Each structure stands twice: as C-alpha cells, then as structure tokens.
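Here is a short report on one protein chain. It starts with the annotated positions and then widens to the whole fold.

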Amino acid sequence: MQAECTPATVPALRAQEAPFGIVVGTSAGAINSAAVACRADAFGDAVADLAQVWGNFHADQVYEADAWGVIRSGAHWITALSAGWAFARWRKLKPRSLLDNTPLASLLRELVPMERLPTMFARKHLGALAVTASSYSNGQHMTFYSSATPIEPWVRPQRQAVPGFLSHDHLLASSAIPFIFPARRLTHAGATTWFGDGSMRQTAPLSPAMHLGADRLLVVGAGRAQEAPAEQLPERRYPSMAQIAGHAMASVFLDTLAVDIERLERVNRVLSLMSPAARAETPWKTVRCLVVSPSQRIDDIAARHLEALPRPVRALLGGIGVARQGARTQGAALASYLLFEAPFTQELMALGEADAQARRQEILDFMDWSVVQDADHCAVPPGSCA
C-alpha cells in the first residue's frame, strides 16, 4: 500500500493549503490520497480528519466483522476451497471474497468528498489526482486520473492511463485486496469490466506521477526500504495457507515500489554522467525522490495486536493458519491487511510520526520549507511550526 505525492510550485505555502500539486495513490494509499486531494484547499483539516478515522478505526467500518457477516462471506469462500468448486457450483455457492467490504463504501462517502475535485482543479489548489487498479478482465494495470489541464494518456506494455471523472468506485477498486475483498466493476472504453487492487501487476508505481508532470516525488511506502532478513528459526511444519498468502501479498504490495525506486535512482545516476547536450537528446529527466517508510516491520507490529481483531475474524483466520506458536506468530502478514483496529493503527501512526521527526530536517530541505513563527504564513503543514 503506497501513495506518491509531489510538491506544488507555489510562491508561499499557507497553513491550510495542500503542499502537493499532484497526488497519486494505490490501494489504501488511493483512499488517503483522494481524501487529501478533494480538500486541497483545507489540507490541515483533511489530514486531521484522516488521523481521526485511522486513530479510532474499527474493523466494522471497513468490512462486515460480525459473526453473521463473516459466515455469509468467509465461510462460503472457505467451503468452496475445501469442498471443491464443482460442489460449490452444485450448491449454488458463488463466493466472491473472504470478507464483505460494503461498510467501506459508506465510510468513503463521509471521508472523501469526490464531488469537490472539479472545484479544486478550477481554483488551482490541485493539478492532478490519479489512482490505480488492476483489471481482472484483460490483465491491464490501469491508472485513472483527473487533472486541471488536459494531459495526454500514456500507454505502456501491460499498463495504460485513462483520463476522466474519478468516483468512489475507483477507490474501492484500487483497494480491493485480492481474495479478501470483492472486485469492483468500472466502465472503460464503453465496456464494464472487473477491477481489483492496484498493487497487482504494478510494475512502475512511480510512473503515473511523472507522466502527470512531477519532477519531485515524496513517496510514502508501507514496507521498510531496506528490509532486514527475518530471524531464521527451525521450521518443521509445512507453511500454512496464511503464511503463503502473506508472503504472496508482500510481493504484490511491497516489492515493486522498492524496485521502481532503484530504477529511478539508476536513471538519475546515468543522467548525471551525461553532458547537457546529451541529456537534451533523451526523453528522460532527473527526478528528485525522497522515500519515507516504516523503520519497523509491519508484520511484527500486527503480531502484537491480533487479539484486537473481532472474534469471528480471528476464528476465520485461525482456520487458515493465523496463530501464535510460542514466541512466533504465523500468518501475521496476512492478518495485518485486516487489522483495522485502533490499537494497531495508533501504533502505526505513532511510528510514522517518530520516523518523520527523525528525518525532519531532510524532509524540510526536500520540500524547500522553512520554519517560521507566524502561524498565518507557516511554510510547513499545520502543527509543524516552531
């Protein structure tokens, strides 16, 4: 889950004005990015409302977490896996996902006022917003975007851009974690097709921001930039379904961002070795990039908060191998995608704040911000003035 944001070129940054002209997000990052973009004229308020939601989260705000809701979706899904698709078809079970995320749609309507986007563009508070999703119908990775001025859509192997009006359906599609949440239908090129989480098949997550005109990227990621190998302990048991699913999701959600950042750094190094005349002949440009990522493993934090999950969800996850075994927790990576509970999200937010404070000067320098005393002309976001 990640969001890429780029600084807007403005003569002076007011306390309530968004510091980002282009906002790009994927999965949960798409929701956070859209919430900020739709209130680009009240950046501090938008961030405060996001913090209020994330700091007081309950799973039932995102998916049906009661016993009946879990039985209705998860039990059917597991039955189909265990009894076989033929039997499931005979029983007329058509499980779409492990969980039903209908409540998330209601939360988005309250948190993300998508109808404000045209006003943000017209008043020049925002340059562009883009969210990504992956098509189950044709395998294409799609970037859906809206912008203040027309921007020619781009096409690359297995990925393409689609301009147009963005809606809550795009956010639900971008965050439809495979197997866990149901796919969403979106209309593209006159056809209605099914889409899932944008992290799937996302080979170049930095690309949309640059196509939309960014030359400076502030990248907020969910995985550690330099992931240290986990401690290797003797493992006699065969890996559970939860372990395998968590490992697969890590490769989907986390690995491609690190690879794309490395690719960007290599291009920047090559350009730095070229003469000005040679650089003028290439389509490439130097792009500054600052990556802010967790200093601790999200899986380890999730393992400490498994008990915060609703009991029916814990039972469901226990059925596929999420469990504590001595000092270790199997399947914590998978559980972390469902831990929309305040104890877990509050620890994540505290970690994010600590990590940002540890790199405070680096961030200020990157954003060309200076700290001043006058809060009415503060050159950093609200609450950051000295």
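## Annotated active site

An unreviewed UniProt entry carries the annotation "active site" for Ser-27 and Asp-197. These positions spread over 171 residues of sequence, yet they cluster in space, with a largest C-alpha distance of 5.9 Å. From this set, Ser-27 belongs to the lining of the largest cavity. Keep in mind that the model is predicted. The annotation itself comes from the record, and such annotations may be inferred rather than shown by experiment.

## Ser-27

Where does Ser-27 sit in the secondary structure? Ser-27 is in a loop. Strand 2 (20–26) lies on one side of that loop in sequence, and helix 1 (28–37) lies on the other.

Is Ser-27 buried or exposed? Its relative accessible area is 1%. The cut-off for buried is under 20%, so Ser-27 counts as buried.

## Asp-197

Asp-197 belongs to strand 8, which covers residues 191–197. Its relative accessibility is 0%, so Asp-197 is buried.

The side chain of Asp-197 has a polar partner in the backbone. A polar atom of that side chain lies 2.9 Å from the backbone nitrogen of Ser-199.

## Nonpolar cores

The largest nonpolar core has 74 residues. Which of them touch the most other members? They are Tyr-63 and Val-112. Helix 1 gives the most to this core, with six residues. Helix 1 is also the helix that follows the loop holding Ser-27.

A second core is separate and has 18 residues. Among them are Ile-22, Val-24, Leu-264 and Val-291.

## Contacts of Tyr-63

Tyr-63 reaches well beyond its own stretch of sequence. Neighbours within four places in sequence are left aside here. Tyr-63 is then in contact with Leu-99, Asp-100, Asn-101 and Pro-103, among others. Further contacts include Phe-181, Leu-309 and Val-313. Leu-338 and Phe-340 are also in contact with Tyr-63.

## The chain as a whole

The protein chain has 16 helices and twelve strands. Of its 386 residues, 48% are buried. Its accessible surface comes to about 19300 Å², and carbon and sulfur atoms account for 56% of that area.

How much of the contact network joins residues at least 24 apart in sequence? The share is 69%, counted among contacts between residues at least 6 apart.

Terms used: Residues are numbered from 1 along each chain as its sequence is written. This is a predicted model: local features need pLDDT of at least 70, side-chain atom pairs count only at pLDDT 80 or more; totals for chains, interfaces and linings use all residues. Side-chain values use heavy atoms; hydrogens and water are left out. On a 1 Å grid over the protein atoms alone, a cavity is a set of points where a 1.4 Å probe fits but cannot get out, and a pocket is an open set with protein on both sides within 12 Å along at least five of seven lines; lining residues have an atom within 4 Å of a point. Helices (H or I, at least four residues) and strands (E, at least two) are DSSP runs, numbered from the N terminus. Buried means under 20% relative accessible area, exposed over 50%, partly exposed in between (1.4 Å probe, protein chains only). A polar contact is a pair of N or O atoms within 3.5 Å; within protein, one must be able to donate a hydrogen and the other to accept it, and residues adjacent in sequence count only if both atoms are side-chain atoms. Contact means heavy atoms within 4.5 Å. Accessible areas come from the Shrake-Rupley method with a 1.4 Å probe; for residues, only the protein chains shown count as cover. A nonpolar core is a set of buried Ala, Val, Leu, Ile, Met, Phe, Trp, Tyr and Cys residues joined through side-chain atoms within 4.5 Å.
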